[in-house]
Amino acid sequence: MAAKPTTVLDSRALARTLRRMADEIVELFDGVDNLIFVGIQRRGVQLSDRLADILDEREQVRVPRGSLDITLYRDDLQTVGPRPVVGPTKLPWDLNGKRVLIVDDVLHTGRTVRAALDELADFGRPSRIALAVLVDRGGRELPIHADIVGKRVDVAPSDRVDVLVSELDGSDSVVLVRREDAA
Amino acid sequence: MTTPLGKDLLGLEPLTPEQIRLILDTAEPFKEISERAIKKVPALRGSTIVNLFFEASTRTRVSFEFAEKRLSADTVNVAASGSSVSKGETLVDTARNLEAMRIDMVVIRHSASGAAQFLAERIESNVINAGDGTHEHPTQGLLDLLTLRDRFGSLEGRRICICGDVLHSRVARSNIWGLKKMGAIVGVCGPRSLLPNAIADLGVEVFDRIEAAIEWAEALNILRLQLERMQAGYIPSLREYNRVFGVTRERLERAPRDVLILHPGPMNRGVEIDSDVADGPHSVILDQVTNGVAVRMAVLYLLAGGAPELADAAKGGSDR
Amino acid sequence: MTSRESAGARDQRADGNRESSGNRERGTGNRGSGVRQVVLRGGRVLDPSQNLDGVGDLVLTDGTVESFETAAGASYGDDYEVIDCSGLVVSPGFIDVHCHLREPGREDVETIATGARAAAVGGFTAVCAMPNTQPVTDNQAAVGFVLRQGQTANAARVHPIGAISLGQEGKSLAEFGEMVGAGAVAVSDDGRPVASAHLMRTALEYARTFGIPVADHCEEPTLAAGGAMNEGIVSARLGLKGIPSEAEEIMVIRDILLARRTGGHIHLCHMSTKGSVELIRWGKERGIRVTAEACPHHLSLTEDAVGAYNTNAKMNPPLRTAEDVEAVREAVRDGTIDLVATDHAPHHYDEKEREFADSPNGIVGLETALAVVNTWLVKPGLIDLATLVDRMSVSPARTFNLPGGSLRRGQMADVTVFDATREWKVDPAKFVSKGRNSPYGGHTLHGRVMCTIVGGKIVHRATG
């Protein structure tokens with residue numbers, strides 16, 4: 001069962017992609033007024049921070065960033081076995097009337113985003129919620145779509161797409177791990 | 001069903017330090033939920049939990065109820081009466097009836113030591129001990145640990161003294177086990193008639209006078225003194241208890257450091273603890289209450305397991 | 001399995017050898033007493049009452065011991081049932097001076113009949129039944145009832161013990177004379193202590209008139225009140241109120257001093273602590289008429305057996321510490337403790353299936369007594385089999401002035417045959433007693449009673 005990782009985006013390409021995404025964000029929201037970034041634990045948080053830093057540089061404005069742990073809103077909590085660890089959620093605002101950009105690393109089945117939408121609803125009623133992901137690998141199981149995509153990849157269901165960030169993993173890249181037929 | 005805590009939470013004595021740490025770590029994110037406008041997450045949606053209280057208790061029961069409801073579980077309160085012997089249905093029958101109703105979890109408080117274990121051995125539902133006789137009160141022990149850890153950062157090597165009627169206290173026992181497993185140094189202080197004869201064998205320091213305990217400790221966990229103890233002849237009067245063992249502002253001021261004050265409640269103001277101490281700057285009594293809900297949520301969350309064969313589907317967060 | 005009637009003389013050996021019927025050295029035909037003539041052949045006959053320890057045949061005729069034959073190859077007539085006892089020990093029948101047969105009142109948990117049969121299975125040819133029945137056995141009619149029920153049971157003999165005080169309430173003396181006249185062999189308020197020193201004193205004095213012992217359950221009530229197990233590290237951990245060893249020792253010394261004052265015979269029930277043993281030694285050194293018993297469970301289990309609130313390890317006095325167990329064992333060895341008694345106390349399953357503090361005290365013990373004493377005292381070499389037989393038969397008979405406890409010629413044929421090496425696993429579901437509350441369930445023990453004979457009649461034969 002050889003797992004051979006292929007680099008889809010190296011660190012320079014990743015940085016370039018983020019800069020382009022930041023531009024798209026400003027365009028999408030027609031400015032950054034009343035906008036909050038919400039990164040999904042874990043790596044969505046780091047990516048959200050990077051995007052906010054780029055906007056700070058470009059637009060000289062600090063977009064507030066929150067983090068969301070969706071574990072308690074998972075739809076498979078009753079069947080997943082040993083309890084997954086719950087990470088911190090930091091959203092110290094009333095979201096009524098705000099514009100929210102959910103940031104995540106990989107969009108696949110869409111279930112994580114569904115959970116995030118449910119959780120956000122408990123914090124108020126944003127006027128608009130949009131989704132930005134670094135990688136869209138297809139394979140949706142729910143009608144969820146990303147407004148801003150860094151890179152689209154076309155992979156088999158058994159493949160893994162991993163986003164690595166230097167804050168947690170020591171380097172920045174996006175890798176694809178193809179599984180040979182396993183036993 | 002392989003949950004990290006097993007099927008039940010019966011006490012802190014059977015837990016490993018890793019398990020205790022897991023509960024405390026899990027409680028942290030749950031604190032935040034109680035700060036939200038909508039204090040609810042769907043984690044235990046569809047679960048049925050019975051609060052089976054054979055002893056009257058408002059605060060523990062309400063705390064558990066909040067914890068259960070904030071996890072979206074359905075809760076039922078049963079105020080059962082007395083022991084198996086005299087008052088109607090035996091504990092065995094109660095257990096079987098609950099099981100027949102397919103309850104997922106039972107939170108039990110009972111006046112007999114070992115009652116929670118007795119129940120757990122006879123039903124498949126998860127059983128959480130909310131206090132059995134004078135044996136253990138694990139969620140109280142855990143919230144005390146969390147409160148201390150929040151203030152100290154780590155419990156390793158910290159000196160914590162439990163003051164009062166240790167002989168009859170399940171809170172004391174749970175605290176002793178929990179603190180020792182977390183590496184703290186434990187002391188007890190009280191009249192010898194209210195300390196177990198074998199107390200030294202439990203690995204704790206014993207202080208006969210409260211002044212010595214205050215000088216030694218970094219935190220005091222002050223137990224409630226019950227009127228019955230005086231009536232049963234263990235101490236002569238509440239007044240003398242306060243004079244000799246009461247934690248007063250004057251005594252605390254003579255301490256060489258700031259001493260944290262904990263109390264499981266309800267307090268007998270003027271007996272074991274004076275009001276200006278309970279309401280003073282070093283009191284974390286209200287934090288204990290807040291942490292109580294979070295700890296209980298964490299325990300319920302960790303015990304409510306699922307089918308382990310589907311665990312793989314969740315590994316590595318691949319299900320995006 | 002009942003003893004087989006023999007159509008002709010027939011060996012019980014597996015190889016099916018037959019004795020020739022022509023040889024008529026013994027017996028002149030059935031004497032018509034209704035009791036089989038029995039020969040216990042080739043066993044190790046162990047009778048400390050006459051310093052006898054040898055391999056040979058024990059001949060029982062007309063319900064008494066006729067002789068002990070050592071000549072090999074002796075043969076017996078047609079009317080003798082020969083039981084092969086090779087490899088087994090043949091001893092005077094065991095006597096249990098302390099058991100609870102629950103009748104009258106709690107026939108749902110034991111009757112005198114089921115208890116007497118359980119006793120027979122345990123190798124006991126006689127038991128003394130404690131009077132804490134419902135109603136209390138505190139008068140001659142009640143004593144007579146117990147005696148007759150025992151007789152119809154046709155198993156072990158049942159000697160009634162009468163109450164010390166009416167209703168066992170500890171206030172006024174029961175009629176010792178009338179009770180003795182109806183068959184009582186001792187008096188006791190067991191189940192409860194005699195709280196009043198004055199009452200104990202008068203009981204000791206009054207019992208002297210009838211030459212019976214006063215048996216006391218030593219427990220200082222205010223110290224022990226509400227206690228569920230030994231007071232110590234285990235009770236502290238489990239959050240159960242403890243009974244300190246002093247609760248027993250205070251009454252032990254009190255009773256010994258009163259025995260000294262009155263010249264009466266005090267018998268101390270179920271001794272369990274090191275302190276008690278030391279006090280008994282003190283009393284005996286001074287020639288005070290104090291005797292004492294210990295139960296198999298106090299010779300083998302400690303407070304750790306309570307484990308996770310196991311109600312089958314709950315009794316009064318409770319299981320104590322390892323130090324106490326060692327001291328009590330040593331006392332059995334050196335005779336400070338005169339004898340072993342079971343304190344057999346059956347309880348209903350429902351009653352034991354309760355929270356620990358609410359569960360009643362007591363465990364059964366008749367059917368496991370020999371095995372426990374053998375496994376924990378003989379096997380490790382602390383005592384020899386002769387001492388075991390003394391403590392379980394000779395000494396009980398002597399202490400309570402009961403018939404039995406000896407295989408001398410002319411003695412009644414109460415005999416116990418046991419295999420000291422046989423291993424077996426205890427299964428309470430198979431007990432003959434109605435009670436199943438034993439802490440030894442699942443234990444593998446060494447020592448099994450193979451045959452019990454009362455008055456020359458086989459009342460128990462082991463099948464496995």
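Here are three short exercises with worked solutions on the structure above.

This is a predicted model, in which local features need pLDDT of at least 70, side-chain atom pairs count only at pLDDT 80 or more, and totals for chains, interfaces and linings use all residues. Residues are numbered from 1 along each chain as its sequence is written, chains are lettered from A and ligands numbered from 1 in the order in which they are written, and side-chain values use heavy atoms, without hydrogens and water.

**Exercise 1.** Find out whether Ala200(B) is buried or exposed.

*Solution.* Start with the cut-offs: buried means under 20% relative accessible area, exposed over 50%, and partly exposed in between (1.4 Å probe, protein chains only). Next, take the value: Ala200(B) has 55% relative accessibility, so it counts as exposed. Finally, locate Ala200(B): it lies in the loop between strands E6 (185-189) and E7 (205-207) of chain B. Strands (E, at least two residues) and helices (H or I, at least four) are DSSP runs, numbered from the N terminus.

**Exercise 2.** Work out which strands stand at the edges of the sheet E6-E7-E8 in chain C.

*Solution.* First, the order E6-E7-E8 (chain C) belongs to an open sheet of 3 strands with parallel pairing; two strands pair if DSSP finds at least two bridges between them. Then look for single partners: E6 (94-99) and E8 (157-160) of chain C each have one, so one side of each is left without a neighbour in the sheet.

**Exercise 3.** Describe how E6(C) and E7(C) pair.

*Solution.* Count the bridges: E6(C) and E7(C) (residues 124-129) pair in the parallel sense over 4 of them. Now pick out a residue: Asp96(C) stands opposite Val127(C) in E7(C).
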